[in-house]
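Trainee: I would like to go through this model and ask what stands behind each term. Please set the values against the cut-offs as we go.

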Amino acid sequence: MNGIRCFELLEDLIPAGTAKAVLLEWNGTRYVRSTVNIVIHDFVNSHGDRGDRGYAFQSGESKNWETLSGLFQQVPGWMAF
């Protein structure tokens, strides 16, 4: 297994489906979008809406970017408590 990476969905992901996403990178303060777009493959019945973030790895077997666990909705700063 290659390294685990953070990603952000560029479109909705349904369980057992695929979706376009962008890899995130650490800028010293927070994770920001990189210039690397990928396709996320879900084999763990995860799901998410465009803008949600999660973790994935590039499988050494399938060569696909695969979700590791559930996705996390990004709450806009103005909505945070």
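Trainee: Why is Lys63 called exposed?

Mentor: This is a predicted model, so the values are computed from its coordinates. Lys63 has a relative accessible area of 55%. Exposed means over 50%, so Lys63 is exposed.

Trainee: Where does Lys63 lie, and what is notable about its phi?

Mentor: Lys63 lies in the loop between E4 and E5. Its phi is positive, near 70 degrees, in a residue other than glycine. Most residues other than glycine have a negative phi. E4 and E5 form a hairpin with 6 residues between them, and Lys63 is in the turn.

Trainee: Which residue in the loop between E3 and E4 has a positive phi?

Mentor: Asn45, which is placed in the loop between E3 and E4, has a positive phi of about 55 degrees and is not a glycine. Its relative accessibility is 57%. The cut-off for exposed is over 50%, so Asn45 counts as exposed.

Trainee: What makes Thr67 buried?

Mentor: Its relative accessible area is 4%. Buried means under 20%, so Thr67 is buried. Thr67 is placed in strand E5, residues 65–67.

Trainee: Which residues does Thr67 touch?

Mentor: Leaving out residues up to four places away in sequence, Thr67 touches Phe7, Leu13, Ile40, His41, Asp42, Phe43, Val44, Ser46, Tyr55, Ala56 and Phe57.

Trainee: Why is the link between Thr67 and Asp42 called a polar contact?

Mentor: The side chains of Thr67 and Asp42 are joined at 3.0 Å. A polar contact needs a pair of N or O atoms within 3.5 Å, one able to donate a hydrogen and the other to accept it. The value of 3.0 Å goes with a polar contact between these two side chains.

Trainee: Phe43 also appears among the residues that Thr67 touches. Is Phe43 buried or exposed?

Mentor: Phe43 has a relative accessible area of 57%. With the cut-off at over 50%, Phe43 is exposed. Phe43 is found in the loop between E3 and strand E4.

Trainee: What does Phe43 touch, not counting residues up to four places away in sequence?

Mentor: Phe43 touches Glu66 and Thr67. Phe43 and Glu66 are 23 residues apart along the chain, and their C-alpha atoms are separated by 7.1 Å.

Trainee: What makes the largest nonpolar core a core, and which residues are in it?

Mentor: A nonpolar core is a set of buried residues of certain nonpolar types, joined through side-chain atoms within 4.5 Å. The largest such set here has 10 residues: Phe7, Leu9, Leu13, Ala19, Ala21, Leu23, Ile38, Ile40, Ala56 and Trp65. Strands E1 (5–9), E2 (18–26) and E3 (31–41) each supply at least two residues of this core. E2 gives the most, with 3 residues. In soluble globular proteins, nonpolar side chains tend to be buried together.

Trainee: Which residues does the core member Trp65 touch?

Mentor: Apart from residues up to four places away in sequence, Trp65 touches Arg5, Leu23, Ile38, Val39, Ile40, His41, Ala56, Phe57 and Gln58. Trp65 is also the bridge partner, in E5, of Ile40.

Trainee: How do you know that E3 and E5 pair?

Mentor: Two strands pair if at least two bridges are found between them. E3 and E5 are joined by 2 bridges and run parallel, so the criterion is met.

Trainee: How many bridges join E1 to E4, and how many are there between E4 and E5?

Mentor: There are 4 bridges from E1 to E4, which run antiparallel. Between those two strands, Cys6 stands opposite Tyr55 in E4. E4 and E5 pair over 3 bridges, also in the antiparallel sense. Phe57 stands opposite Glu66 in E5.

Trainee: In what order do the strands close into a barrel?

Mentor: The 5 strands close in the order E1-E2-E3-E5-E4, and the pairing is mixed. Neighbouring strands of this sheet are turned by 55 degrees against each other on average, direction ignored.

Trainee: How many helices and strands does the chain have?

Mentor: There are 0 helices and 5 strands. Along the sequence the pattern is β-β-β-β-β. Of the 81 residues, 36% count as buried.

Definitions and conventions: Residues are numbered from 1 along each chain as its sequence is written. This is a predicted model: local features need pLDDT of at least 70, side-chain atom pairs count only at pLDDT 80 or more; totals for chains, interfaces and linings use all residues. Side-chain values use heavy atoms; hydrogens and water are left out. Buried means under 20% relative accessible area, exposed over 50%, partly exposed in between (1.4 Å probe, protein chains only). Contact means heavy atoms within 4.5 Å. Axes are lines fitted to C-alpha atoms, for helices over the stretch in contact, and angles run from 0 to 180 degrees between N-to-C directions.
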